[in-house]
Amino acid sequence: MPSRNEPCSCGSGRKFKRCCLGDFRRAAAMLPPAPPRRGRPTGVDEVSAEAAVLAEDVLCSPDRLERMSEGMVLLREMFQLGGPLAFLRWSWDEFVPVVERHIHRVSEEVVDMEERRELLFARCAPELLGPERVERFDQGFRRALMAPGRTLEERRVLAMTVLEMQGVPRHPPYTYRRHHTMAWLMMAQVSEWAERRARLNDAVARAHGVRPGGQKGPWMSPGVLRQALDPSEEQMAALRAVADADPELMELMEKYETSLLLSILDGRTPEVLHGEEWLWLTVVLREPLRVGPDEQAPWVDVEALLNRLDEEVKQAVLSRVDAASRDRSSPPEAQQWFEWAYKVLLMRPLAFFGAFAKARAAPLRERFEGESVLVEELRRRERWRSEDLEPYRLTLAARGAHGAEQRVRRLQALLRGEAPAPGARMRG
């Protein structure tokens, strides 16, 4: 949690007191004038009565806005791992997939940081909140207020939250304004995740020759592509440093990478490959990556195997996945799949390409009706000869798909034992 004068972790670049904390100060400024003290109320439960007394210390203070603002900072600190409110946190397993599905789209749609947080909460709340979760927050604040060992300042901010939760709806719709404390803490956990992801993103960028803050478009030069497919030991040192510093982050990354690869093997992906691209991956990679009886794949020379793949195919798939990962018009689920796919393709290209080579099926980007059936019939073979691909090549030529037809020609040359001319390189 940043201090008031440190940069805000939300990524706005502004100081915390002028950004996330400023949101609460603006909300607090709309409160009515400070009420007179009323003393301990009667006819309410013990926790509510205690909260009313402690809240009066803040609400009736001449500097109440400052104290309320500082109290919200303290509440976030209590919410951190190891803090007295850590039991209210979402597990990363339930939190990360939801946030990852929405955060990039929200960042593209909205520029203002306050509006961005409101929109992100609105998108995530239906999946991360619910009547039971809201009730858990309410009861958690009440227990923490009455627990021994809390400082006076902690008890005051807990008292404020207890009173606020009395009027918070348990059922949707969940809004940033009506569920402000839960939204505040949810965004705190989002900031933590964003910081961890930023460290990984910087390490990945350094591993692939991109300077911090540099932009990499959908096109990659051959030199950058080679770096991406086979990063050096020195370049990977930054990634190992991230893994050593934050092993849980790497475990999460591995978990979602595994899920993505399984979706490829099961044929549950968006449309990614053209037919001749899938054939290239199958013919070149399936046999070397075949799992033996002991369920262990033989040792594979990764660099040599990747070098056998058509250069144009590799670049086309990488560029397509990169572009799709940044396409804000696609459904959130598809965009999230491509975002994770792009990361896996950069970090473990053989795992990505190999999953398609071993997949039972894959939705194709068909150029003509029936192409998927034709390609699937070819893929079902155990061995291939150049002439087996000739009907497909002729069909592509007749349909005017000359680039695809040339890629099939190069695959046929490979099957004949020739060294096919390299595919045209995309300009970097």
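This briefing walks you through three spots in the structure above. Keep in mind that the model is predicted. We will visit a cis peptide bond between Pro172 and Pro173, the surroundings of Glu371 in helix H17, and the place where helices H2 and H3 meet.

**A cis peptide bond**

- Most peptide bonds are trans.
- The bond from Pro172 to Pro173, however, is cis, and its omega is near 10°.
- To find Pro173, look in the loop that runs between helix H7 (152-165) and helix H8 (180-207).

**Glu371 and its neighbours**

- Glu371 belongs to helix H17, which covers residues 371-379.
- Is Glu371 buried or exposed? Its relative accessibility is 0%, so Glu371 counts as buried, the cut-off for buried being under 20%.
- A polar atom of the Glu371 side chain sits 2.7 Å from the backbone nitrogen of Arg367.
- Leaving aside residues up to four places away in sequence, Glu371 touches Gly275, Arg365, Glu366, Tyr392 and Leu396.

**Where H2 meets H3**

- Helix H2 spans residues 46-59 and helix H3 spans residues 64-79; their axes come within 8 Å and cross at roughly 120°.
- Because of that crossing angle, H2 is oblique to H3.
- Which residues make the contact? From H2 come Asp57, Val58 and Leu59, while H3 supplies Arg64, Arg67 and Met68.
- Sorted by character, the residues of this contact are three nonpolar and three charged, with no polar ones.

Terms used
Residues are numbered from 1 along each chain as its sequence is written. This is a predicted model: local features need pLDDT of at least 70, side-chain atom pairs count only at pLDDT 80 or more; totals for chains, interfaces and linings use all residues. Side-chain values use heavy atoms; hydrogens and water are left out. Helices (H or I, at least four residues) and strands (E, at least two) are DSSP runs, numbered from the N terminus. Buried means under 20% relative accessible area, exposed over 50%, partly exposed in between (1.4 Å probe, protein chains only). A polar contact is a pair of N or O atoms within 3.5 Å; within protein, one must be able to donate a hydrogen and the other to accept it, and residues adjacent in sequence count only if both atoms are side-chain atoms. Contact means heavy atoms within 4.5 Å. Axes are lines fitted to C-alpha atoms, for helices over the stretch in contact, and angles run from 0 to 180 degrees between N-to-C directions. Angles under 35 degrees count as roughly parallel, over 145 as roughly antiparallel, 65 to 115 as roughly perpendicular and the rest as oblique. Ala, Val, Leu, Ile, Met, Phe, Trp, Tyr, Cys and Pro count as nonpolar, Asp, Glu, Lys and Arg as charged, and the others, Gly among them, as polar.
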